[in-house]
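Below are some notes on the fold, written as numbered points. Please read them with the structure open.

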Amino acid sequence: MANSHEEEIDLKGVFDTLLRYKRSILIITAVTFFLSVIYAYLKPNVYQAEMTIEVHSGSKQSDALAMLNATLGMSGSSSLDNEIAIIQSRSVAVKALQNLSLGTQYYVSKRFKDVELYQNSPIAVKTYKLEEQVMGEPIHITPIDADRFEIAIRPGMMEKLSYSLRSMVSVIPENKKPITFKAIHRYGERIKTPFMEIVVNQTAEITESEYIVTIVPDELMYGMIQSGLSVSTVAQEGELLALSYNDAIPERAEAILNTIAEAYSQRSIDLKHEIADKKLKFIDRQINAIDESFAKSASNLKEYKTQN
């Protein structure tokens, strides 16, 4: 009976505590729910493109070929782990970027979030010069009429706060200070500033009151490719690899994945040609050495016969 009485007292204490702090509990619950809804709304959808490729690691080879590879200091076989590392390497990503245009991205603000206009933007920005301080910074383009627009770069609240705090403890170099810029230009006109030179062209009907552009040199976008790419083995014996790429734009995910596969395939072809060239040069050197040895032996034999 004593234990039952103690449990009853404990439960009563719990309910008393909950009732005492019910307002705080309801507020915390409501705030948490509200923040979760906002996060779910603002978080972009992520799509995944997938493909399977077959790699030829060359694991089956003759003893003579294996000896030749060892002589040249080359591995005659490449494991799937090596192939995965190659596909995920920076060199393949950079090669893929040669056939992609990822650095210039266009957005519009709709219902409190930025929506990317992949290949559907009515404006196109051509970049001639871009300093590091404006790379990735939002460039706001506001159409005025059929011929003119306002272009502006304005630092965000967090950037202003960060600059204020840093300036209190040290002197900020000019090229590290937040950029504030506003001007009116015509479509097709070359915009020249100390930090960028660009041309904004209109390619379709303008339907939005403002467009946001971010620019990063294409060759520096390899991090985007590497972060979204996943490679795994499908079958060790069949030498199959599964490639997948995650992106907010499904068409871009497919384009990137296809280009990576093409870049990897071209790299494999180039590597095979390089290996074949090395082997041919090695064989040529060996043949020349053998010819020289035969010639020397023949000369020695002739000299011996002459003397005897």
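**Notes on the sheet and a surface patch**

1. The two faces of strand β10 are both covered: Tyr-211, Val-213 and Ile-215 lie on one side, Ile-212 and Thr-214 on the other, and all of these residues are buried. In a regular strand, side chains point alternately to one face of the sheet and the other. The model is a predicted one, and the remarks here should be read accordingly.

2. Strand β10 covers residues 211-215, and 5 of its 5 residues are buried, so the strand is largely enclosed by the rest of the structure. The cut-off for buried is under 20% relative accessible area.

3. The sheet that contains β10 is open and has 6 strands, in the order β3-β2-β10-β5-β6-β7, with antiparallel pairing. The edge positions are taken by β3 (113-116) and β7 (181-186); each has a single partner strand, so one side of each lacks a neighbour in the sheet. On average, neighbouring strands of this sheet are turned by 30° against each other, direction ignored.

4. How is β10 joined to β2 and to β5? With β2 the pairing is antiparallel over 4 bridges, and Tyr-107 stands opposite Ile-212 of β10. Strand β5 (residues 139-143) runs antiparallel to β10 and is joined to it by 3 bridges. Ile-141 has Tyr-211 in β10 as its bridge partner.

5. Strand β2 (residues 104-110) is also joined to β3 by 4 bridges, again in the antiparallel sense. Val-108 stands opposite Val-115 in β3, and Ser-109 has Asp-114 of β3 as its bridge partner. The two strands make a hairpin with 2 residues between them. In that turn, Arg-111 has a positive phi of about 55°.

6. Away from the topic of the sheet, there is a nonpolar patch on the surface, formed by Leu-11, Val-14, Phe-15, Leu-18, Tyr-21 and Ile-25. Together these residues have about 590 Å² of accessible area. Which helix gives the most to the nonpolar patch? Helix α1 (residues 2-20) does, with 4 residues.

7. Tyr-21, one of the patch residues, is found in the loop between α1 and α2 (22-42). Its relative accessibility is 45%, so Tyr-21 counts as partly exposed. That class lies between the cut-offs of under 20% for buried and over 50% for exposed.

Note on methods. Residues are numbered from 1 along each chain as its sequence is written. This is a predicted model: local features need pLDDT of at least 70, side-chain atom pairs count only at pLDDT 80 or more; totals for chains, interfaces and linings use all residues. Side-chain values use heavy atoms; hydrogens and water are left out. Two strands pair if DSSP finds at least two bridges between them. Axes are lines fitted to C-alpha atoms, for helices over the stretch in contact, and angles run from 0 to 180 degrees between N-to-C directions. Buried means under 20% relative accessible area, exposed over 50%, partly exposed in between (1.4 Å probe, protein chains only). Patches are made of residues with over 30% relative accessible area and no salt bridge: like charges are joined within 9 Å, nonpolar side chains (Val, Leu, Ile, Met, Phe, Trp, Tyr) within 5 Å. Accessible areas come from the Shrake-Rupley method with a 1.4 Å probe; for residues, only the protein chains shown count as cover. A salt bridge is a side-chain nitrogen of Lys or Arg within 4 Å of a carboxyl oxygen of Asp or Glu.
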